[in-house]
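Trainee: I have a new structure open and I'd like to learn how to read it. Could you walk me through it?

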Amino acid sequence: MSHRPHLVFEPEIQDALSQYIVELYVDETDAQRQISEKTAIQGLPQIDLRAEEGWMLMFLTRLIQARQVVEIGTLAGYSATWIARGLPDDGKLITLELDQRHAQIARENLDANRVSHKVDILVGDAAQNLKTLNGPFDLVFIDADKEGYEVYLEWAINHVRKGGLITAHNAFQHGNIVAKMPTPHRANSAKYIDAFNRRVAADKRLLSTIIPVGDGLVAAMVL
Ligand SMILES: C[S@@+](CC[C@H](N)C(=O)[O-])C[C@H]1O[C@@H](n2cnc3c(N)ncnc32)[C@H](O)[C@@H]1O
């Protein structure tokens, strides 16, 4: 029988721990903060990364000295600014977005964050646009339609260099991945993410884990 203390925190403690990380480590710029603040006013869904998740993405980008990165799901460009901050000045992030308006707002935000020179936005369905990209890439970040995650994964495995990273947001699906009674809508998303997580875990071409920051970040190294 295990005698380890339970790692189950009350929601207030969980929030306080996230806040603790942000206060100690996360250097979010004013221009980045303004993206999140503006998305609600502009009528965009507030489903961008939390600051501590963005910081982790920047940390990983820099850790593996990534120079060529692909992101699937731009929204207003918030996560793109974090990846761009992790890239050298001549590095490149190609970010894919279905929605024309999201892409336009992202362009403005990337300009305001002075990282436009490192970022290209490809507008259209990601599954189609990925076919035009050859790589090899150092890092892929998946954060778009959940039913597409497995398709994006297969593309990423074939286009990321050995030792490179595939990352994906919402690995926990707000807890619904293990919840006994999620709402039907949430159960559907959780079903896709659960299938994705299991596929990543079982794939012998990858060495993987979920980093338990925010809503869970899958991190898979290509072997
Ligand atoms: C969760 S948001 C991305 C948030 C962003 N990564 C951030 O943290 O700032 C998902 C985005 O994926 C886009 N999207 C959904 N389906 C897509 C598809 N098939 N191809 C490309 N983008 C898609 C949505 O329009 C939305 O802007």
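Mentor: Sure, and let's begin with a term: two strands pair if DSSP finds at least two bridges between them. Keep in mind that this is a predicted model. Here, β5 and strand β7 (residues 217–222) pair in the antiparallel sense over five bridges.

Trainee: Which residues are bridge partners between β5 and β7?

Mentor: A168 has V218 as its bridge partner in β7. Likewise, I166 is matched with A220 in β7.

Trainee: What other strand does β7 pair with, and in which sense?

Mentor: That would be strand β6 (residues 206–211), which pairs with β7 in the antiparallel sense over six bridges. One bridge there joins I211 to L217 of β7. The hairpin of β6 and β7 has five residues between the strands, and in it G214 takes a positive phi near 55 degrees.

Trainee: And on the β4 side, in which sense does β5 pair?

Mentor: Strand β4 (residues 137–142) and β5 pair in the parallel sense, over five bridges. To get from β4 to β5, the chain passes through helix α7 (residues 149–159), and this β-α-β crossover is right-handed. For a bridge to look at, take I142, whose partner in β5 is A168. You've met A168 already, as the bridge partner of V218 in β7.

Trainee: Are these strands mostly covered or mostly open?

Mentor: The idea is to count neighbours: a residue is buried if 20 or more other C-beta atoms lie within 10 Å of its own. Strand β5 (residues 160–169) is mostly covered, with seven of its 10 residues buried. β7 is mostly covered too, with five of its six residues buried. Over the 223 residues of the chain, 41% count as buried.

Trainee: Is A127 buried, exposed or partly exposed, and why?

Mentor: A127 sits in helix α6 (residues 126–129). A residue is exposed with 12 or fewer neighbours and partly exposed between the two cut-offs. A127 has 16 other C-beta atoms within 10 Å, so A127 is partly exposed. Leaving aside residues up to four places away in sequence, A127 touches G148 and V151. For a sense of distance, A127 and Q32 are 95 residues apart in sequence and 28 Å apart in space, C-alpha to C-alpha.

Trainee: Now the ligand. Which residues are the closest to the ligand?

Mentor: Start with the shell of residues around the ligand, then ask where they come from. 19 residues surround the ligand, and the closest are D48, G73, Y78, S79 and A126. The elements that give two or more residues to this shell are α4 (78–86) and β2 (92–97). By class, the shell has eight nonpolar, five polar and six charged residues.

Trainee: How many residues of α4 are buried?

Mentor: Eight of its nine, so to speak a mostly covered helix. Among the buried residues of α4 are Y78 and S79, and both of these are also listed with the closest residues to the ligand.

Trainee: Last one: how do I take in the whole chain?

Mentor: Count the elements, then check the overall shape. The chain has eight helices and seven strands. Its radius of gyration is 17 Å, close to the 17 Å that the globule rule gives for 223 residues, so the chain is as compact as a globular protein of that length. The C-alpha atoms fill a box of roughly 55 × 40 × 35 Å along the principal axes. Finally, look at contacts between residues at least 6 apart in sequence: 68% of them join residues at least 24 apart.

Conventions. Residues numbered from 1 in each chain as written. Predicted model: local features only at pLDDT ≥ 70, side-chain atom pairs only at ≥ 80, totals over all residues. Helix = DSSP H or I, 4+ residues; strand = E, 2+ residues; numbered from the N terminus. Rg over C-alpha atoms; globule rule 2.2 N^0.38 Å. Contact = placed C-beta atoms within 7 Å. Near = placed C-beta within 6 Å. Nonpolar A, V, L, I, M, F, W, Y, C, P; charged D, E, K, R; others polar. Right-handed = clockwise from strand over helix to strand, strands pointing away.
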